[in-house]
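Me: Please take a close look at one part of this model, the cysteines and the space around them. Then connect that part to the charged pairs and to one helix end.

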Amino acid sequence: MRAFEYIRAGDVASAVALVSGDPGAQYLAGGTTQVDLMLKDGVLEPERLVDITRLPLRGITRDGDVLRVGAMATMEELAADVTVAERLPFVREALLASASTQLRNMATIGGNLLQRTRCRYYRDLSCACNKRAPGAGCDALTGHHRMHAILGTSEHCIATHASDLAVALTALDAIVHVRGPEGERAVPLTGFYRLPGDTPGVENALGPGELITSVEVPLLPEGTRSGYLKVRDRASYEFALASAAVAVRVSDGVVRDARMALGGLATIPWRSRAAEDVLRGAAAGEQTYAAAADAALAGARPRSGNAFKVELGKRTIVRALSLVTGVPG
């Protein structure tokens, strides 16, 4: 790790000015992923770290049917929020499945949404990675890619997105509020993340120096049931092989409304509108859930080492829907 300058920002405007005016600068919040990438892996080598932990961006407040979450609120604070437990249970479940209590007490909501991939080729400087070094190639394509994506991939990158929380928030149409040198703007989370395409190094819609200040999270309508199912190699904290965030409203045995997003299967938190379309207006039950799962995975492009994820993803969806609705699938 090379030496860097450390500055503690006094307010949001000065933090933005410090980072936007220096291409070698980065924000520092909880640092639970960032410090690893700096100290252990050497992937990140910022020349300046701007500490934003003292900025007034921490609160969690309810405004009608919207929850406003400060970017510096911790994962543990959001998981413990009463409104989240009552109206957004799958957000709480996603947070609790993400990391240990110690990490949840450090990691921030803004940082979690921006966490980097766990792809071993990205984190190993001896390997080729287009995300880390554009044009270098992607060793994952022909290497060990069991954990890698089958949705939203390109010939330049097949790395999965790591956040559990982002999956649940994508299903909710959450909105990210950012502050940059040109002022404030709002970005729907469904348009915040970028597919790798030809530029896998461009992971999101943030411009130079832009800082996430808060996240606007719509509450689920009364009567909607939700759940987050995460399938992983071990019961302790591990990244998802496949996950599904589902929210469903059923009455008289018919699915009246549905929301679904997938994790562990795609290069970004994956909103499955095709599956939602299958579910709405259909009878709750095995046949409908299986059809929704087929629709969700219809565009999958697996490789030899992760072809099992197609069936695993489908079974995860069916199981998640069954658990949430109480109707066997």
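Reply: What follows goes from the cysteines to the cavity, then to the salt bridges and to Thr325.

The model is predicted, and the values below are computed from it.

The structure holds 0 disulfides. Cys119 is in no disulfide, and the nearest cysteine sulfur, that of Cys129, is 5.9 Å away. A disulfide is a covalent bond between the sulfur atoms of two cysteines. The cut-off applied here is a pair of cysteine sulfur atoms within 2.5 Å, so the 5.9 Å between the sulfurs of Cys119 and Cys129 does not qualify. Cys138 gives a similar reading: the closest cysteine sulfur is in Cys157, at 5.7 Å, which is too far for a bond. Cys119 counts as buried, at 9% relative accessibility. Cys138 is buried as well, with a relative accessible area of 18%; the limit for buried is under 20%.

These four cysteines come up again at the cavity. The count comes to 1 cavity of 30 Å³ or more. The largest cavity holds about 60 Å³ of space. Its lining consists of 14 residues, and those nearest its centre are Cys119, Cys129, Cys138, Cys157 and Ala159. The cysteines named in the two sulfur distances, Cys119 with Cys129 and Cys138 with Cys157, are therefore among the residues nearest the centre of the largest cavity.

Next come the charged side chains. The structure holds 28 salt bridges. One of them joins Arg68 to Glu216, with the closest N and O atoms 3.3 Å apart. This pair links distant parts of the chain, since Arg68 lies in strand 5 (residues 66–70) and Glu216 in strand 8 (residues 211–218), 148 residues apart. The two partners fall into separate accessibility classes: Arg68 is partly exposed, with a relative accessible area of 33%, whereas Glu216 counts as buried at 18% relative accessibility.

Another pair is Arg280 and Glu276, where the closest N and O atoms are 3.4 Å apart. Here Arg280 counts as partly exposed at 33% relative accessibility, while Glu276 counts as buried at 1%. Both residues also belong to a network of salt bridges that links Asp173, Asp257, Arg259, Arg271, Arg273, Glu276, Asp277 and Arg280.

Glu238 and Arg234 form a further salt bridge, with the closest N and O atoms 3.6 Å apart. In this case Glu238 counts as partly exposed at 21% relative accessibility, and Arg234 also counts as partly exposed, at 46%.

The remaining part is Thr325, found in helix 12 (residues 308–325). Thr325 counts as buried at 15% relative accessibility. Leaving aside residues up to four places away in sequence, Thr325 touches Arg225, Val248, Val250 and Tyr289. With Tyr289 there is also a polar contact, side chain to side chain, at 2.6 Å. In addition, the side chain of Thr325 reaches the backbone nitrogen of Val327 at 3.2 Å. As for Gln287, its C-alpha is 14 Å from that of Thr325, and the two residues are 38 residues apart in sequence.

Note on methods: Residues are numbered from 1 along each chain as its sequence is written. This is a predicted model: local features need pLDDT of at least 70, side-chain atom pairs count only at pLDDT 80 or more; totals for chains, interfaces and linings use all residues. Side-chain values use heavy atoms; hydrogens and water are left out. A salt bridge is a side-chain nitrogen of Lys or Arg within 4 Å of a carboxyl oxygen of Asp or Glu. Helices (H or I, at least four residues) and strands (E, at least two) are DSSP runs, numbered from the N terminus. Buried means under 20% relative accessible area, exposed over 50%, partly exposed in between (1.4 Å probe, protein chains only). Contact means heavy atoms within 4.5 Å. A polar contact is a pair of N or O atoms within 3.5 Å; within protein, one must be able to donate a hydrogen and the other to accept it, and residues adjacent in sequence count only if both atoms are side-chain atoms. On a 1 Å grid over the protein atoms alone, a cavity is a set of points where a 1.4 Å probe fits but cannot get out, and a pocket is an open set with protein on both sides within 12 Å along at least five of seven lines; lining residues have an atom within 4 Å of a point. Grid points are joined across faces, edges and corners, and a volume is the space filled by probe spheres set on the points.
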